[in-house]
Amino acid sequence: MSIICGIPLLECVYCLGCARWAWKRCLHTAGHDSETWGIATAEEFEPVPRLCRYILAVYEEDIRHPLWEPPGGYGINPDWLILRKTYEDTQGCAPPYILYLDHDHADIVLAIRGLNLAKESDYQVLLDNKLGKKKFDGGYVHNGLLKAAGWVLDAECDILKELVEKHSNYTLTFAGHSLGSGVAAMLALVVVRHHDKLGNIDRRRIRCYAIAPARCMSLNLAVRYADVINSVVLQDDFLPRTATPLEDIFKSLFCLPCLLCLRCMRDTCIPEEKMLRDPRRLYAPGRLYHIVERKPFRLGRFPPVVRTAVPVDGRFEHIVLSCNATSDHAIIWIEREARRAMDLMLEKDKIMEIPAKQRMERQETLAREHSAEHKAALQRAVTLSVPYAYSPSGYGTFNELEDGENSHKSSVDAESSVGPSGKGKNKESWKELIERLFDRDESGHMVLKRSHSYD
């Protein structure tokens, strides 16, 4: 047809599609991702700069004689450092990490470092995944990151359990950057799912802060665990927006034009509603905090503003064409801008002269707002027909839906086929109760047993 008409129709359609994609990408800035989100408060954002410094401390060989500490130091008391694991200790199964008992903030912190470009084992963890390879708690997760989290939990389970039971009023916080953020998010998933591993720890005591997070879990899990996991993104950071499998990123080094053409046609032709209905597609986990410090068509950095939400659609779906896409991924820059944003928040609170009692009331109000926003996000996921998403219970608690059995040796290999209704387990429990309380007579009618127990 193209030859007969003398016009290359297919080539024209392809060029128009590429032009449309390029036009959308050139106009898309990082501020568009969070322009409808609310502004974060000092109370909820307070742990972020502190945890960034703890993650930076993992890079030090001797915390008592630091070589690369940021301005103001790491804020770590060396006497409270419980343990420090290096690549030799983990044998490449997980990134290095530290376990720190923070008495000043009543917190037990496990901080994990980011990707080491010189370590082959880190690449193996990233590449150990295919689309839909690992299922967990009714969704899909990154297989390599889940294995690394399982190794860390199995190695430190006893000491974590001892600390959690000894300091019953302390929170348990998992924090990580880049590769470590994915491991930290998987650790939070596993500990919440198998809380008996740490002495039946309450879900409200578990927190996770994923700094520059990798896309490591499906959308239903990312929204469902938003009350536990928090992700922090600086402006144009590429990793939370990288929707392609991680192995494609490395392939792009050899075939970048081919990859860009395929991404161009896919983003142009596939609507976002269809991508949301793919249960295997991975996303940045939990509640999102977006640090915005640059504005489009303006030079220089501005006072950072932190926006937060639990989004379902428009969840960092598009890569930003920016020269800062890689520099915004650095933990040093994230710590610096998070500290600047925190100082501005505290300065504003100081000007307003908020009394202590009013501050406590605001914290309670913030907790209620986060809970309401979390429930709204779950409902939004159901409205958008996100696979395996379900609405929160009308009685104020979230449904704990479980089907299937744990059948693997490692604590993280336990999978469950969780559906949106969970009716199978209820039917079995009712059947067992009826058989225990009732018996059949000679005519086949149900009669109440004379002796029974209600335990």
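In the predicted model, strands β7 and β8 (residues 206-211) run parallel and are joined by six bridges. Within this pairing, Gly176 has Ala210 of β8 as its bridge partner. Strand β7 is also paired with strand β4 (residues 107-112), again in the parallel sense and over six bridges. Here Val109 is matched with Thr173 of β7. Strand β7 spans residues 171-177, and six of its seven residues are buried, so the strand is largely enclosed by the rest of the structure. In a regular strand, side chains alternate between the two faces of the sheet.

A buried charged side chain was examined next. Arg315 is located in the loop that connects β13 (305-309) with α14 (331-352). Its relative accessibility is 0%, and Arg315 therefore counts as buried, the limit for that class being under 20%. Two backbone oxygens lie close to polar atoms of the Arg315 side chain: that of Gly286 at 2.4 Å and that of Pro311 at 2.5 Å. When neighbours within four places in sequence are set aside, the residues in contact with Arg315 are Arg215, Leu219, Ala222, Tyr283, Ala284, Pro285, Gly286, Leu288 and Val310. Gly286 thus appears both among these contacts and as the source of a backbone oxygen facing the Arg315 side chain at 2.4 Å.

Internal space was then considered. Rolling a probe the size of a water molecule over the atoms shows where empty space is left. Across the whole structure, two cavities of 30 Å³ or more were found. The largest cavity holds about 50 Å³ of space, and its lining consists of Asn220, Val223, Arg224, Leu378, Ala381, Tyr388, Ala389 and Tyr390. Helices α10 (219-224) and α15 (356-383) are the elements that each give two or more residues to this lining. The largest share, three residues, is contributed by α10. By character, the lining of the largest cavity comprises six nonpolar residues, one polar residue and one charged residue.

The second largest cavity has a volume of about 40 Å³. Its lining is formed by Ser218, Leu219, Asn220, Leu276, Asp278, Pro279, Arg281, Tyr283, Val386 and Pro387. Six of these residues are nonpolar, two are polar and two are charged. Asn220 takes part in the linings of both the largest cavity and the second largest cavity. Leu219 and Tyr283, which help to line the second largest cavity, are also among the residues in contact with Arg315.

Technical notes:
Residues are numbered from 1 along each chain as its sequence is written. This is a predicted model: local features need pLDDT of at least 70, side-chain atom pairs count only at pLDDT 80 or more; totals for chains, interfaces and linings use all residues. Side-chain values use heavy atoms; hydrogens and water are left out. On a 1 Å grid over the protein atoms alone, a cavity is a set of points where a 1.4 Å probe fits but cannot get out, and a pocket is an open set with protein on both sides within 12 Å along at least five of seven lines; lining residues have an atom within 4 Å of a point. Grid points are joined across faces, edges and corners, and a volume is the space filled by probe spheres set on the points. Helices (H or I, at least four residues) and strands (E, at least two) are DSSP runs, numbered from the N terminus. Ala, Val, Leu, Ile, Met, Phe, Trp, Tyr, Cys and Pro count as nonpolar, Asp, Glu, Lys and Arg as charged, and the others, Gly among them, as polar. Buried means under 20% relative accessible area, exposed over 50%, partly exposed in between (1.4 Å probe, protein chains only). A polar contact is a pair of N or O atoms within 3.5 Å; within protein, one must be able to donate a hydrogen and the other to accept it, and residues adjacent in sequence count only if both atoms are side-chain atoms. Contact means heavy atoms within 4.5 Å. Two strands pair if DSSP finds at least two bridges between them.
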